Amino acid sequence: MKEKVKLYGSVLILILFIPWLLTVYLHGGLSGFSPASEADEQLEAQVVSVLASDIPADYELECLKAQAIIVRTNLRRTDGEDDGGWDEAAMQEAWGEDYEKNLERIRTAAAETEGEVLTCEGELIYAAYHMACNAKTRDAAEVPGQETYTYLQSVASADDILADGFLYVGYMEKSEFAGALAELFRDEEIDADQMPDALQITERDAAEYVTRVQVGSTVVNGEAVRAALGLSSACFYFSELEGKIRIVTKGVGHGLGFSQYGAQQLALKGYSCAELLQYYYTGVEIESR
């Protein structure tokens with residue numbers, strides 16, 4: 001009788017421990033196994049949420065995986081602070097009948113890169129990204145306030161000119177134009193009739209994005225003007241036509257780092273996730289943390 005009790009006890013213990021043993025095995029043995037913390041699980045859920053809102057879900061999986069690593073890197077760098085991301089309702093509204101398919105692609109991209117981040121010299125990078133640049137990404141060394149990000153160097157991304165919204169041409173009333181800029185140049189007298197000539201673009205970087213704008217003695221950077229006017233890019237040009245301000249922009253976003261459209265075109269040519277990231281970021285490593 002005692003032998004049977006021992007036997008049943010041993011079988012019960014084995015049954016209880018089989019799932020744990022399988023998990024340990026799949027994670028490479030006891031020395032490499034550490035169960036995911038609640039914080040890690042929350043962060044990975046946040047990666048899915050932000051990834052869904054940041055990039056078209058029908059992009060190539062390798063491109064989605066690269067963006068997932070970018071999202072995770074930035075979340076870890078800012079301790080999970082991010083004001084973006086979609087909840088389930090937003091995903092359903094955006095994707096409609098493609099909801100299930102798109103969510104599965106986004107989840108796959110996040111799962112296949114779980115824990116992976118971008119580093120440079122052992123430190124998490126500022127993984128800047130944008131939708132499309134002006135045929136080549138910008139060099140952070142030429143962008144006011146971004147000079148320390150040495151891994152954000154200019155690379156060719158010629159296919160970006162084919163992206164939807166790459167070229168914008170629009171018009172604005174002079175009074176509206178001057179009013180939008182008034183807060184930026186509050187120490188100057190903004191005369192709508194003198195626009196756009198009174199707004200002097202005095203410097204562009206090598207990718208043709210505006211880096212220095214001046215009215216009177218006040219100087220601001222191109223990104224500030226872009227934000228004030230609600231433009232898609234700081235690669236902008238102003239002129240007067242029939243009494244209105246003609247606005248031309250090239251690119252979508254700030255033009256630094258990872259170009260989503262450019263990466264998609266490279267992914268279609270067979271580039272892997274790692275190759276995409278190491279193309280758009282100079283001297284970086286992909287690490288698991």
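A residue counts as buried here when its relative accessible area is under 20%. By that cut-off, 41% of the 289 residues of this protein are buried. What you have in front of you is a predicted model, and its pLDDT averages 90 over the protein. Below is a friendly tour of the fold, the aromatic pairs and the salt bridges.

**Confidence**

- A pLDDT of at least 70 is reached by 87% of the residues.
- Please take care with residues 1-35, where the pLDDT is below 50. Leaving aside near neighbours in sequence, this stretch has eight contacts in the model.

**Overall build**

- The secondary structure consists of nine helices and eleven strands.
- Taking contacts between residues at least 6 apart in sequence, 67% of them join residues at least 24 apart.
- The exposed area of the protein is about 15,700 Å², and 50% of it comes from carbon and sulfur atoms.

**Aromatic rings**

- Searching the whole structure turns up eight aromatic pairs.
- One of them is formed by Phe258 and Tyr280, an edge-to-face pair with 5.5 Å from centre to centre and 70 degrees between the planes. Phe258 belongs to strand S10 (residues 258-259) and Tyr280 to helix H9 (residues 273-280), so this pair links distant parts of the chain, 22 residues apart.
- Are the two partners buried or exposed? Phe258 has a relative accessible area of 0% and is therefore buried, and Tyr280 is buried too, at 1%.
- Tyr280 also pairs with Tyr279, again edge-to-face, with 4.9 Å between the centres and 85 degrees between the planes. Tyr279 is partly exposed, with 28% relative accessibility.
- Elsewhere, Trp86, Trp95 and Tyr99 make up one aromatic cluster.
- A ring can also meet a charge: the charged end of Arg204 sits over the ring of Tyr237, at 4.1 Å from the ring centre.

**Salt bridges between parts of the chain**

- How many salt bridges does a search of the whole structure find? The count is 13.
- Side chains of opposite charge can pair when their charged atoms come close.
- Arg76 and Asp40 are one such pair, with 3.6 Å from N to O. Their salt bridge links distant parts of the chain, running from helix H3 (residues 61-77), which holds Arg76, to helix H2 (residues 38-54), which holds Asp40; the two are 36 residues apart.
- Arg76 is partly exposed at 24% relative accessible area, and Asp40 is likewise partly exposed at 31%.
- Helix H3 also contains Lys65, whose salt bridge with Glu112 brings the closest N and O atoms to 3.4 Å apart. Because Glu112 lies in the loop between helix H5 (99-111) and strand S1 (116-120), this pair ties together parts that are 47 residues apart in sequence.
- The partners of that bridge are covered to differing extents: Glu112 is partly exposed at 44%, whereas Lys65 is buried at 12%.

**A salt-bridge network**

- Arg138 and Glu223 form a salt bridge in which the closest N and O atoms are 3.2 Å apart.
- Where do the two partners lie in the chain? Arg138 is in the loop between strand S3 (129-130) and strand S4 (167-173), while Glu223 is in helix H7 (residues 222-229), so the bridge links distant parts of the chain, 85 residues apart.
- Arg138 is buried, with 1% relative accessibility, whereas Glu223 is partly exposed, with 25%.
- This bridge belongs to one network, in which salt bridges with shared partners join Arg138, Asp205, Glu223 and Arg226.

**A glycine in a loop**

- Gly84 is found in the loop between H3 and helix H4 (88-95).
- With a relative accessible area of 39%, Gly84 is partly exposed.
- The C-alpha atom of Gly84 is 8.4 Å from that of Asp54, although the two residues are 30 apart along the chain.

Methods:
Residues numbered from 1 in each chain as written. Predicted model: local features only at pLDDT ≥ 70, side-chain atom pairs only at ≥ 80, totals over all residues. Heavy atoms only, no water. pLDDT = per-residue confidence, 0-100. Contact = heavy atoms within 4.5 Å. Phe/Tyr/Trp six-rings, centres within 6.5 Å; stacked < 30°, edge-to-face > 60°. Helix = DSSP H or I, 4+ residues; strand = E, 2+ residues; numbered from the N terminus. Buried < 20%, exposed > 50% of the residue type's maximum accessible area, 1.4 Å probe, protein only. Lys NZ or Arg CZ within 6 Å of the ring centre and 35° of its normal. Salt bridge = Lys/Arg side-chain N within 4 Å of Asp/Glu carboxyl O. Areas by Shrake-Rupley, 256 points an atom, 1.4 Å probe, with all protein chains shown as cover.
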